[in-house]
Amino acid sequence: MTTVMLSVTDLSIGWSEGNALIEGATFEVRAGEIFGILGRSASGKSTMLRTLIGLEPPLAGSIEVCGRPPDHEHAGPPPFGVMFQQGALFGALTVGQNVALPLERWTRLPPDAVEAIVRAKLRLVELEAAYAQPPSTLSGGMRKRAAIARALALEPPLIFLDEPSSGLDPITSAEIDRLIATLAHVLGLTVVIVTHELGSITTIVDRCVLLDKESRSILAAGVPRELTHHPHPRVRNFFTRSAEAA
Amino acid sequence: MHHRRGVSGWRIARDGERIVIDGELRIHDGAEIWRELSLAAASPGPRLDFDIAGARVVDGGVMALLVERRAILLRRGVASEILGASEGLQSVVHLLHGDEAPPHVEVQRELGFVERVGVETAKLGTRVQTGVVFLGELVASVAGIVRHPARTDRRGLPALVVRAGLDGLPIVVLLNFLVGFVMAFQSMRYLQLYGASPFVADIVGISVTRELAPLMTAVIITGRSGAAYAAELGTMRVSEEIDALQVMGIRPVSYLVVPRILALLLVAPALTLFADLVGIAGGLVVGVRGLGLTPRGYLSELRTVIVPGDVWTGLVKSGVFGVAIAIIGCRNGLATSGSASEVGRATTATVVQSLFAIVLLDTLLTMLFRGVGQ
């Protein structure tokens, strides 16, 4: 039996009842898979992510991340890591200090041990050279990689990535995709990606849900490659990059 | 019938159930074209079409005006079409939806007085609620620090103290010197009149230590540190850094707000002590130069009148001001949502609210300390 890492039941998200972005969303993410939350702009992807990681309260329904609701009232470290779209690195700290922050908060490791772990994490994302640099000196892609390193600091079994390849050139974006796939397979991580980049979706996503603005629901779920032949025209359009009237 | 020829050779004329438009219509004549269209479309019958068969050029802007004019007619129940368009122009008409029924325009009704009061009250309620939550978190964080002082992360504190304190010292010194100087200067004439020159030390000493040094220092800290805290935390909110802290299980209030409160709690009294000294020095300059006192005379008069209570009530005041400024700045910063303009708003609100709070607290504390040292 495969372990369920994230389980979403009958979830409604948005700002207020009657003005929900998505209603009745139900899906599961299994251990070890790269799961995509897909959708066009303004379909509620980011709000879905913020709700899943406990930054917005759900309007209705329930979420279990690693067997517990995703609020931040629990004692102990959060069971997941998050990479925000622009990285959200702290400007007042160096890249190394950014990655060290969760370790210092949640472990009692001595400074030299923290540094060893931080350097290892940065090596994992090919950014060890930036250890002592402030985040402002990094490019967009480097910031995202540093943020992935920070998300991995406490060895969470699950990480959430918000648009990991948006705003990057195609080559850098492919490198990030490869990095995510490698991390997932080598470390056995479960990865939840929020994205609309077809390149990432078709190369690394194992299973996905497609959020839809018009019907305010999950329009399709399954393996991306199979959804290109979906009976619903809006699903086909999304996966074939077409803008035909649907 | 109404018609008119524009400078670049266009003409709009009413001909019964048609408005005939020809020539070259470009948006730089837009204002006149719009006026002519309105005049030509006045008092329509059951039908009024726009005939653009004779128009050689109708650019996108003018076509948008035509489409809007037609939509206005349709909404008034007048049948109207744009006729005679060449193939190229017809595609522009289509692009601007000039060949279909106009969309229903929802007119936003202005809120009445009672509704506005309701909306504002609800907003105030939310603000009070989030403020209470913030204060609750603050108390919980401070309690955590008191319970486990060893586990508190104090590494950020020295940098904050240096930035608020050491970097602010020159301006605090300069302004408070000038305040002491001006106080003495203003009272000089009357003191000379009554032959009470040595009392310049009393006036400057008491007013600077008890009132002016804490107040001026707090005003400077508001401008330098309070506004900076709001902008800093606001920007962190906008760039999702606060969210990142939260999902790492780090409370933003403990990590960001408490060190800033501690920093100003330490820095404000320290700066005020400097302010006391230079304020008194400002009075000394006037006393020696303007009133013919000796420095020794000024200082010995000062010693007879100033008691420790004057100084420490001023220092306590400034500590309270420092804490208030830090809380207001951080609260406004964390309450920012969304955009760069919100960060600006948070900064402005911080300065205004801090100055208000400082004067209010000053009044209360002055009442509280009225028996001390006198």
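## How two helices in chain B pack

A helix axis here is a line fitted to C-alpha atoms over the stretch in contact, and the angle between two axes runs from 0 to 180 degrees between N-to-C directions. With that in hand, take a look at this predicted model. In chain B, helix H5 (residues 157-166) and helix H9 (residues 252-291) have axes that come within 9 Å and cross at roughly 40 degrees. Angles under 35 degrees count as roughly parallel and 65 to 115 as roughly perpendicular, so H5(B) and H9(B) are oblique to each other. The crossing of H5(B) past H9(B) is right-handed.

Who does the touching? On the H5(B) side, the contact is made by B:Leu157, B:Leu160, B:Val161, B:Ala164 and B:Gly165. H9(B) brings a list that includes B:Pro259, B:Arg260, B:Leu262, B:Ala263 and B:Leu264, along with B:Leu266, B:Val267, B:Ala270 and B:Leu271. Sorted by class, this contact has 12 nonpolar residues, 1 polar and 1 charged.

## The two faces of H1(B)

Now for helix H1 of chain B, residues 30-40: B:Ile33, B:Glu36, B:Leu37 and B:Ala40 are buried there. Look down the axis of H1(B) and the buried residues fall within an arc of 100 degrees, so they line one face of the helix. Turned away from that buried side is a face carrying the exposed residues B:Ala31, B:Arg35 and B:Ser38.

## Where chain B meets chain A

Between the chains, 10 residues of chain B are in contact with 14 residues of chain A. The chain B side of this contact is a mix of 4 nonpolar, 3 polar and 3 charged residues.

Conventions:
Residues numbered from 1 in each chain as written. Chains lettered and ligands numbered in written order. Predicted model: local features only at pLDDT ≥ 70, side-chain atom pairs only at ≥ 80, totals over all residues. Contact = placed C-beta atoms within 7 Å. Nonpolar A, V, L, I, M, F, W, Y, C, P; charged D, E, K, R; others polar. Buried ≥ 20, exposed ≤ 12 C-beta atoms within 10 Å, placed from the backbone. Helix = DSSP H or I, 4+ residues; strand = E, 2+ residues; numbered from the N terminus. Arc of directions from axis to C-beta. Parallel < 35°, antiparallel > 145°, perpendicular 65-115°, else oblique. Left-handed = near helix turned anticlockwise from the far one by under 90°.
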